[in-house]
Structure formats: structure tokens, C-alpha cells
Amino acid sequence: MKRSTTLYRRACLAIPGGVNSPVRAFKAVGGTPPFIKEARGAWLTDEDGNQYIDYVGSWGAMIMGHAHPEVLTAVKQTAERGLGFGASTEIETQLAEKIKAYIPSMDLLRLVNSGSEAVMSAVRLARGYTGREQIIKFDGCYHGHSDAMLVGAGSGSLTLGVPNSPGVPDSTAAATSTIGYNNAAQVDEVFEQIGDQVAAVIVEPVAGNMNFVPGNAEFLSTLRRCCDHYGTLLIFDEVMSGFRVAIGGAQSVYQIKPDLTVLGKVIGGGLPIGAFGGSKKIMQHIAPLGPVYQAGTLSGNPVAVAAGLRTLELLCADNCFDDIVRNTQTLIGGLLDCARDVGVDFYSDSMGAMFGFFLGTTQKVETLNQVRSCVTKDNGKPFKSFFHAMLDGGVYLPPSPFEACFISAAHDAEVIEQTIDVTKKALLKIKN
């Protein structure tokens with residue numbers, strides 16, 4: 001029996017489903033998940049000695065690749081001075097200054113411990129600042145697992161939210177409206193109905209939790225226009241897209257300035273971190289400057305901050321990010337060529353160092369319904385078969401058709417070429 005299988009069965013006796021985050025359980029693709037022993041650069045090694053080219057990258061965090069020696073040195077040197085103090089450190093300010101330099105919409109920012117915590121705090125701030133309760137979010141966007149964000153679209157009314165999970169109170173769901181992503185007309189319609197009640201609109205400007213679906217310019221500009229008109233705050237959730245689709249995040253690509261921005265992933269270099277920030281006028285409502293309370297014992301942990309700061313320094317130096325983007329584009333072109341050669345309907349797109357693909361279509365995908373139509377074909381069998389064919393070939397993709405893929409500075413030309421070769425074999429296998 002494989003060691004990963006043994007470890008998974010053991011984990012199931014101590015951890016719900018054997019995993020500490022649901023997607024790791026391989027429920028969407030079947031089979032037993034590999035247990036990872038170590039990672040270097042673009043490669044993972046599991047407990048059975050199998051090696052995989054990694055396109056999960058700790059769900060986007062590892063933009064410099066795994067175990068980058070300079071990031072490890074920064075972590076080691078910081079840890080040797082103490083793992084945490086519950087007091088202020090200079091390095092927290094250095095990271096905040098680095099983020100501000102590249103994302104100028106963030107006059108002030110607060111470090112927290114995860115993207116979920118950052119979203120929760122930003123939403124509370126928006127409600128406290130505006131004196132309103134209603135939140136608008138979008139189908140297919142994921143903003144962490146706080147109660148207000150685990151709400152789906154209800155039937156019969158554009159503005160009726162229903163809980164996505166047991167444990168979310170109906171009263172919480174009622175204060176969150178969920179509408180269609182990339183649907184500018186629906187945004188206008190909902191704002192006409194409840195605009196004066198809406199504290200904030202929260203959106204992934206580039207969605208990474210219904211696979212990879214960029215927001216279109218009309219949709220995002222409509223959000224900005226409606227928020228301005230009704231005195232609503234616009235929150236960009238750039239946990240995934242920040243420092244990944246561009247150094248300045250998606251807001252620099254679309255040239256739209258949000259009122260609040262939420263970050264995570266890359267800014268921690270692989271360690272737990274999050275941040276939220278915005279204009280000085282809004283952020284001054286956060287304690288200790290203002291009445292909106294937010295706190296965290298481990299916020300600004302020096303080890304996580306050191307990993308994030310060194311990651312950003314490396315990423316923003318010379319042509320590092322441009323090289324990653326160029327390799328991403330080479331990969332996408334290779335994937336599309338493979339599908340064309342094999343005769344499989346396949347769509348792929350990227351922005352910066354983030355990409356995605358869909359089996360069963362050659363058309364641009366912009367909505368959750370389009371994503372679902374691809375995913376549900378033949379009960380999802382094409383994706384499951386493709387995922388396992390890629391895994392058998394030594395390429396580790398997100399184990400769900402609803403997740404985006406990520407590339408790192410360690411994915412060099414040789415790694416990209418090997419990935420394309422494995423992809424062609426996998427597509428031939430699922431076609432036959």
C-alpha cells in the first residue's frame with residue numbers, strides 16, 4: 001500500500017475528512033490525495049517519492065517557487081530572534097511600506113493572519129464607516145468562510161440571499177445579496193432597488209474560485225460608478241490577484257481604484273498572512289484611531305512578515321515578474337496548441353502569473369453558468385480523467401475544476417516544455 005494512502009487513512013481518524021481544507025480531499029476528482037513530503041522550486045515530492053510539477057503553488061502564495069533560498073534565509077534569521085512578540089516590530093512597517101509603494105490605493109493597511117480574516121475585517125469596517133448593513137457579492141467569487149460570505153443567490157428575488165452552509169444564520173444571509181458575476185446590467189438593477197442600503201460591494205476583480213475568470217471592464221467600471229453614486233464602498237478582494245496578475249494587482253490592470261483592498265497569499269511568501277487597507281479617511285475608523293474594532297494576537301507575525309517582504313523584494317526586482325508572465329503565456333500557447341493538435345475542445349487564458357483552462361469549450365468563459373456547463377459535461381468525467389492523467393504524468397493541478405492555476409519564477413522553459421508534453425499525452429488519453 002502506498003504511504004500516502006496509509007497516511008490519509010490515519011488522518012481520517014483524527015481530522016474531519018482527513019484534511020484541514022476541503023479541496024485537498026480530492027472529492028471533485030476521486031482517488032486518494034498524495035501527502036507531500038517536501039517541495040523545491042517548481043516541484044513537489046510526495047511521501048512515496050513521486051515528483052510533480054506544481055501548478056497549485058500553495059494556492060497562489062509561492063510565486064517565487066518553493067523553498068526559495070533567500071526567503072528561507074530571511075525566515076531563519078528572523079525566527080532566531082524570536083517567533084513572535086505581541087508587540088510592534090520594524091519589519092511590519094517595512095512590509096506595509098512595500099505594499100503601499102505598489103498598491104497606492106492603500107494609504108493605510110492592517111496586517112492580519114489570513115485572507116478570510118482580512119475580508120471579515122474589511123466588511124465590518126465598511127459597515128461601520130457607512131452605517132449600513134447590506135453587502136453585495138457575486139456568484140462564483142470566494143471571499144473566505146466568514147458567515148457573511150457563505151451566502152448564495154436565492155430564487156425569486158435578485159436581493160434575497162440564502163446560506164451556503166449550515167451554521168450561517170438566516171439573518172446574516174439576509175444582509176448579503178449575491179448576483180451574477182460580469183453582469184453589469186444586473187448590478188445597475190440591484191443598486192436601483194437597494195443602493196441606499198448597501199455598505200459595500202465585494203468582488204474578485206479576477207476570479208480564481210470558479211476556475212480562472214477575469215472580470216470584464218464594463219462590469220468592474222459599473223461597480224465603481226454605482227458605488228460612487230450611492231455612497232457604497234467598493235472592496236477588491238485581491239487575495240489571489242494581488243502581486244500575481246500584476247505587481248499592482250488587478251486594480252492596476254483595469255485602472256479602477258477600490259475603496260478597500262484585501263490581500264493575502266503572495267504577501268506572506270508561503271506563511272499565513274492577510275491584509276486590508278484603503279484610503280486614510282476610511283482606515284481611520286479602525287481601532288485605535290476609530291470605533292470599528294479589529295485585533296489579532298499574531299497579526300504582523302515577524303516570521304510571516306519576513307517571508308513576505310523578501311518575496312516581494314525578489315518579485316519586484318529586475319525583470320522577475322516579466323519573466324514569469326512570459327513563461328505563463330508560453331505555457332498557455334502550448335496548451336492550446338496541444339488541444340488543437342489532438343482535436344479536443346479546450347479553452348485557456350491567463351493574466352500575469354495566474355491561469356486557468358476549461359475542457360469542452362473553445363469559447364471565452366465569463367460567468368459561473370458557463371463554468372458549470374463545462375464542469376458538468378458527462379458528469380465531470382473529462383476533467384477527472386484529465387486531472388489523473390496529468391498527475392500520473394507528473395503534473396499536479398488543482399484537484400477541482402473550479403480552481404485557478406498558478407505559476408512561479410521557478411517554472412523555467414524546461415519545466416514548461418515538460419508540462420506541455422505531459423498535457424498532450426493526457427489529452428490523447430482522455431480523447432481515446
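This is a dialogue between a trainee and a mentor about a predicted model and the terms used to describe it.

Trainee: What makes the chain as compact as a globular protein of its length?

Mentor: The chain has 15 helices and 18 strands. Its radius of gyration is 21 Å and the globule rule gives 22 Å for 432 residues; the two values are close, so the chain is as compact as a globular protein of that length. Along the principal axes, the C-alpha atoms fill a box of roughly 60 × 55 × 45 Å.

Trainee: How much of the chain is buried, and what share of its contacts joins residues at least 24 apart?

Mentor: Buried residues account for 56% of the 432. Of the contacts between residues at least 6 apart in sequence, 72% join residues at least 24 apart.

Trainee: Why is V187 called buried?

Mentor: The cut-off for buried is under 20% relative accessible area. V187 has a relative accessible area of 1%, so V187 is buried. The residue lies in helix α7, residues 184–194.

Trainee: Which residues is V187 in contact with, leaving aside neighbours within four places in sequence?

Mentor: They are F138, I179, F219, T222, L223 and C226. G82 is another matter: V187 and G82 are 105 residues apart in sequence and 49 Å apart in space, C-alpha to C-alpha. Contact requires heavy atoms within 4.5 Å.

Trainee: What makes a set of residues a nonpolar core?

Mentor: The members are buried residues of the nonpolar kinds, joined through side-chain atoms within 4.5 Å. The largest such core here has 69 residues, and Y55, I99, F243, L315, L397 and L427 touch the most other members. Helix α12 gives the largest share of this core, 10 residues. There is also a second, separate core of 40 residues, including L220, C226, V371 and C374. In soluble globular proteins, nonpolar side chains tend to be buried together.

Trainee: Why is the space lined by L331 and L335 called a cavity?

Mentor: A cavity is a set of points where a 1.4 Å probe fits but cannot get out, and the space in question meets that description. Two cavities reach 30 Å³ or more. The largest has a volume of about 60 Å³, so it passes that cut-off. Besides L331 and L335, its lining consists of F346, F355, F357, F386, M390, L397, T419 and T423. At least two lining residues come from each of α12 (320–342), β16 (354–359), α14 (381–392) and α15 (413–431).

Trainee: How do the linings of the two cavities divide by class?

Mentor: The lining of the largest cavity has eight nonpolar residues, two polar and no charged. Thr is outside the nonpolar and charged lists, so T419 and T423 count as polar. The second largest cavity holds about 40 Å³, and its lining has three nonpolar, six polar and two charged residues. D54 and R244 are among its lining residues, and Asp and Arg count as charged. G41, G57 and G65 also line this cavity, and Gly counts as polar.

Trainee: What sets the second largest pocket apart from a cavity?

Mentor: A pocket is an open set, whereas a probe in a cavity cannot get out. The second largest pocket has about 500 Å³ of space. Its lining has 25 residues, of which A87, S88, E92, S299 and G300 lie nearest the centre. α4 (90–102) and β4 (108–112) each supply at least two of the lining residues, and the largest share, four residues, comes from α4. By class the lining has 11 nonpolar, 11 polar and three charged residues.

Trainee: Why are F26 and Q255 picked out for phi?

Mentor: Most residues other than glycine have a negative phi. F26 has a positive phi of about 65°, and Q255 has a positive phi near 55°.

Trainee: Is each of them buried or exposed?

Mentor: F26 has a relative accessible area of 2%, under the 20% cut-off, so F26 is buried. Q255 is at 66%, over the 50% cut-off, so Q255 is exposed. F26 lies in the loop between α1 (3–12) and β1 (36–40), and Q255 in the loop between α9 (250–254) and β13 (260–263).

Trainee: What kind of peptide bond joins A287 and P288?

Mentor: The bond is cis, with omega about 10°. Most peptide bonds are trans. P288 is in the loop between α10 (280–283) and α11 (302–315).

Conventions: Residues are numbered from 1 along each chain as its sequence is written. This is a predicted model: local features need pLDDT of at least 70, side-chain atom pairs count only at pLDDT 80 or more; totals for chains, interfaces and linings use all residues. Side-chain values use heavy atoms; hydrogens and water are left out. On a 1 Å grid over the protein atoms alone, a cavity is a set of points where a 1.4 Å probe fits but cannot get out, and a pocket is an open set with protein on both sides within 12 Å along at least five of seven lines; lining residues have an atom within 4 Å of a point. Buried means under 20% relative accessible area, exposed over 50%, partly exposed in between (1.4 Å probe, protein chains only). The radius of gyration is taken over C-alpha atoms; the globule rule is 2.2 Å times the number of residues to the power 0.38.
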